[in-house]
Amino acid sequence: MGREVVGACRNAGRAIILLAEALLCIRYVLTRRSRREAIHQMFVGGIKSLTVITVVAAFTGMILALQTGIEMRRFGQEVYIGAAVMVSMLREMGPFMTGLILAASVGSAIAAQMGTMVVSEEIAALELMSINPVRYLVMPRLVAMMIMTPLLSFYSCIMGVVGGGIVGMTQLNVPWAAYIDNAIRFAANKDLFVGMLKAFLFGMIIVITACHQGFATTQGAVGVGNATRRTVILSFLSILIVGYMITRMFYV
């Protein structure tokens with residue numbers, strides 16, 4: 001038990017050092033190669049995730065609207081489901097669902113790529129050529145996710161509100177205008193900014209966890225699979241814990 005705790009602390013420390021090194025390398029992001037790689041990663045990690053994020057966000061908003069609307073209808077207050085859906089999506093569900101989707105899709109792909117490069121000694125070859133793997137591989141991915149995760153989170157909030165509005169109109173007889181009016185009236189700028197902060201941190205967590213696990217890969221193809229699985233599990237747990245801490249910091 002004690003040895004496992006020490007090992008977990010050691011790995012967390014290495015991940016934090018990797019994050020610090022990647023942040024220091026951000027000053028090189030405007031070089032031609034880094035800029036091109038960051039844009040490519042934004043496309044791969046962000047644009048290619050739009051389909052699944054659209055479906056998940058829309059149905060999340062529909063479920064929120066249906067569950068809250070059914071209860072509020074008992075008191076004749078179902079017209080306020082717009083506020084419930086908007087605030088829930090901005091504060092929690094938008095960044096949370098986006099983080100989980102990106103951790104499962106983008107994070108696992110990064111871990112597999114880094115692990116494969118370690119196993120095939122491509123990382124060692126980069127170091128022999130005096131190329132910093134953190135600047136060459138980690139930094140562009142970190143920048144891409146720091147930009148795309150908040151944008152995708154905001155997009156998921158919009159799709160969730162739209163999904164909730166469809167349920168409100170078709171199943172709860174809430175007019176679209178009243179739904180949107182309540183959604184905008186009760187949402188505050190703080191809800192938006194806190195949600196974007198969460199998404200920003202989730203993007204950093206996903207990339208650093210994936211790269212750290214990938215760089216620590218051993219035992220060939222089996223090790224790559226293990227690194228991918230650990231990346232998804234650790235990212236999910238980190239997103240849950242960090243999300244709770246930020247909510248408690250700003251709302252309690």
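This is a short tutorial dialogue on reading a predicted model of one protein.

User: Before we start, what should I know about the numbering and the kind of model?

Analyst: Residues are numbered from 1 along each chain as its sequence is written, and side-chain values use heavy atoms, with hydrogens and water left out. This is a predicted model, where local features need pLDDT of at least 70 and side-chain atom pairs count only at pLDDT 80 or more, while totals for chains, interfaces and linings use all residues.

User: Okay. How many helices and strands does the protein have?

Analyst: Helices (H or I, at least four residues) and strands (E, at least two) are DSSP runs, numbered from the N terminus. Here you get 9 helices and 0 strands. Along the sequence the pattern reads α-α-α-α-α-α-α-α-α. The C-alpha atoms fill a box of roughly 70 × 50 × 30 Å, taken along the principal axes.

User: What share of the residues is buried?

Analyst: Buried means under 20% relative accessible area, exposed over 50%, and partly exposed in between, with a 1.4 Å probe and protein chains only. In this protein, 43% of the 252 residues are buried. As for the outside, accessible areas come from the Shrake-Rupley method with a 1.4 Å probe, and for residues only the protein chains shown count as cover. The protein exposes about 13000 Å², and carbon and sulfur atoms supply 68% of that.

User: What about contacts in the protein: what percentage link residues 24 or more positions apart?

Analyst: Contact means heavy atoms within 4.5 Å. Take the contacts with a separation of 6 or more: 85% of them are between residues 24 or more positions apart. Ala-38 makes a good example. Ala-38 sits in helix H2 and is buried, because its relative accessibility is 5%. Setting aside residues up to four places away in sequence, Ala-38 touches Pro-140 and Ala-144. Ser-238 is 200 residues from Ala-38 along the chain, and their C-alpha atoms are separated by 24 Å.

User: Now the empty spaces. How do I find them, and what is the volume of the largest pocket?

Analyst: Rolling a probe the size of a water molecule over the atoms shows where empty space is left. On a 1 Å grid over the protein atoms alone, a cavity is a set of points where a 1.4 Å probe fits but cannot get out, while a pocket is an open set with protein on both sides within 12 Å along at least five of seven lines; lining residues have an atom within 4 Å of a point. Grid points are joined across faces, edges and corners, and a volume is the space filled by probe spheres set on the points. For the largest pocket, that comes to about 850 Å³.

User: Which residues lie nearest the centre of the largest pocket, and which helices supply its lining?

Analyst: The lining has 31 residues, and Asn-11, Ala-15, Ile-208, Thr-209 and His-212 lie nearest the centre. Helices H1 (2-24), H5 (122-128), H6 (133-171), H8 (189-215) and H9 (220-251) each supply at least two lining residues. For classes, Ala, Val, Leu, Ile, Met, Phe, Trp, Tyr, Cys and Pro count as nonpolar, Asp, Glu, Lys and Arg as charged, and the others, Gly among them, as polar. The lining of the largest pocket has 21 nonpolar, 5 polar and 5 charged residues.

User: Can you zoom in on His-212?

Analyst: Sure. His-212 lies in helix H8 and counts as buried, because its relative accessibility is 10%. Leaving aside neighbours within four places in sequence, His-212 is in contact with Asn-11, Arg-14, Ala-15 and Leu-18.

User: How many cavities of 30 Å³ or more are there?

Analyst: The search finds 1, and the largest cavity has a volume of about 30 Å³. Its lining is Gln-41, Gly-45, Val-106, Ile-110, Arg-141, Ala-144 and Met-145. H6 gives the largest share, 3 residues.

User: And how many disulfides are there?

Analyst: A disulfide is a covalent bond between the sulfur atoms of two cysteines. The cut-off is a pair of cysteine sulfur atoms within 2.5 Å, and a search of the whole structure finds 0. For Cys-211, the closest cysteine sulfur is 12 Å away, in Cys-25, so the gap is too far for a bond. Cys-211 is buried at 0% relative accessibility.
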